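User: Hello! I would like to go through this model with you and ask how its labels are earned.

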Amino acid sequence: MEEFFIFAALASFVAFLLPWRHRTLAGIAGWACMALYLFAELPYYFSVNNFFYPTLALLSVPFVWVTAKRLGAGDRNVLYLTRAAAVASLIYIPFGYTVLGDWLIGIVVGQIGWWLAALGVNYAMVDWNMFARNGFRIEIILACTGIQSMAIMLGVAAAVPTDLRQKVLSFLLIVPVIYVLNIFRNVYVILAYTGQWYQFLPEIASNGEYGYESFFWAHNVLCELGALVALVVIAYLLFLVIPDLGKMVDALYQTYRDEFRRAISKGR
């Protein structure tokens, strides 16, 4: 069922990008399918004690309602936002649900291996995408390739109309930078985990697996914070390259804020 909603969202967003009279309805369907996907995944999220995505699923209900309302009214900035989501989906979903994902993982694995060898690190491959060292193993999955961040940022860059110079600069700012930073992130996590660099505070960092603390601090804390900082910097530079993005974000903030305030006022 989850994959049905994903591909329905993709088909809807593709239809939104086409110049026809029902593109607004297609955009609404795309957002609705994405929200339904989050709800369909709730059993999995609860099984791993992840409450971020369930919260996101709940918040998606008022978001989709306001988005559908503003799309129906022809709000230009919400149309831009929907175009960003459509482009991001069009880039990510083929990697997430076809053999393109394994192809990209294979490329990343090869380059990680090259850097480990260049650093003089002895390791073994226990599977086509799994590194082993000092008795610890790390599997490289699609989330390790950076494709999600690239898809989101490329979608943002495509939200508003741009000229050729802005398109080229945006691409160079997003894809090569995120890809290279992601390779170094993977190398760092492998070294930190298999070398047991961070054996701190097991009471909050351990999941019961021996040595997991080093993975937790390297991957879940330091790299997540680093990735957040990197994306903020890239977004800032992207706004300098495409000034209209800043105007769009400001207008969107005011639109959703006002809509939510009106809804709350009516509910009183």
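Analyst: Happy to help, and let me start with a definition: helices (H or I, at least four residues) and strands (E, at least two) are DSSP runs, numbered from the N terminus. Serine 170, for example, lies in helix 8, residues 164–194. Please keep in mind that this is a predicted model, where local features need pLDDT of at least 70 and side-chain atom pairs count only at pLDDT 80 or more, while totals for chains, interfaces and linings use all residues. Residues are numbered from 1 along each chain as its sequence is written, and side-chain values use heavy atoms, with hydrogens and water left out.

User: Why is serine 170 called buried or exposed, and what does it touch?

Analyst: Buried means under 20% relative accessible area, exposed over 50%, and partly exposed in between (1.4 Å probe, protein chains only). Serine 170 has 2% relative accessibility, so the residue counts as buried. Contact means heavy atoms within 4.5 Å. Apart from neighbours within four places in sequence, serine 170 is in contact with Ala157, Leu238, Val241 and Ile242.

User: Where is glycine 211, and what makes it buried or exposed?

Analyst: Glycine 211 is found in the loop between helix 9 (202–205) and helix 10 (212–241). Its relative accessible area is 4%, so glycine 211 is buried. Not counting residues up to four places away in sequence, glycine 211 touches Phe136, Tyr193 and Gln196. For glutamine 196, the C-alpha to C-alpha distance from glycine 211 is 6.7 Å, with their positions 15 residues apart in sequence.

User: How many aromatic pairs are there, and why is the pair of phenylalanine 136 and tyrosine 210 called stacked, tilted or edge-to-face?

Analyst: Rings of Phe, Tyr and Trp (its six-membered ring) pair if their centres lie within 6.5 Å; planes under 30 degrees apart count as stacked, over 60 as edge-to-face and the rest as tilted. By this rule the count comes to 17 aromatic pairs. For phenylalanine 136 and tyrosine 210, the centres are 5.9 Å apart and the planes at 15 degrees, so the pair is stacked. Phenylalanine 136 lies in strand 3 (residues 136–139) and tyrosine 210 in the loop between helix 9 and helix 10, so this pair ties together parts that are 74 residues apart in sequence.

User: How do you know whether each of these two rings is on a buried or exposed residue?

Analyst: Phenylalanine 136 has 8% relative accessibility, so this residue counts as buried. Tyrosine 210 has a relative accessible area of 67%, so this residue is exposed.

User: What makes tyrosine 212 and phenylalanine 215 a stacked, tilted or edge-to-face pair?

Analyst: Their ring centres are 5.7 Å apart and their planes at 40 degrees, so the pair is tilted. Both residues lie in helix 10, 3 residues apart, about one turn of the helix. Tyrosine 212, at 17% relative accessible area, is buried, and phenylalanine 215, at 18%, counts as buried too.

User: Which residues do ring pairs link into a cluster?

Analyst: That cluster is made up of Phe13, Trp31, Phe63, Tyr256 and Phe260.

User: And what does the whole chain look like?

Analyst: The chain has 11 helices and 3 strands, and 43% of its 268 residues count as buried. Its C-alpha atoms fill a box of roughly 60 × 45 × 30 Å along the principal axes. Among contacts with a separation of 6 or more, 64% come from residues 24 or more positions apart.
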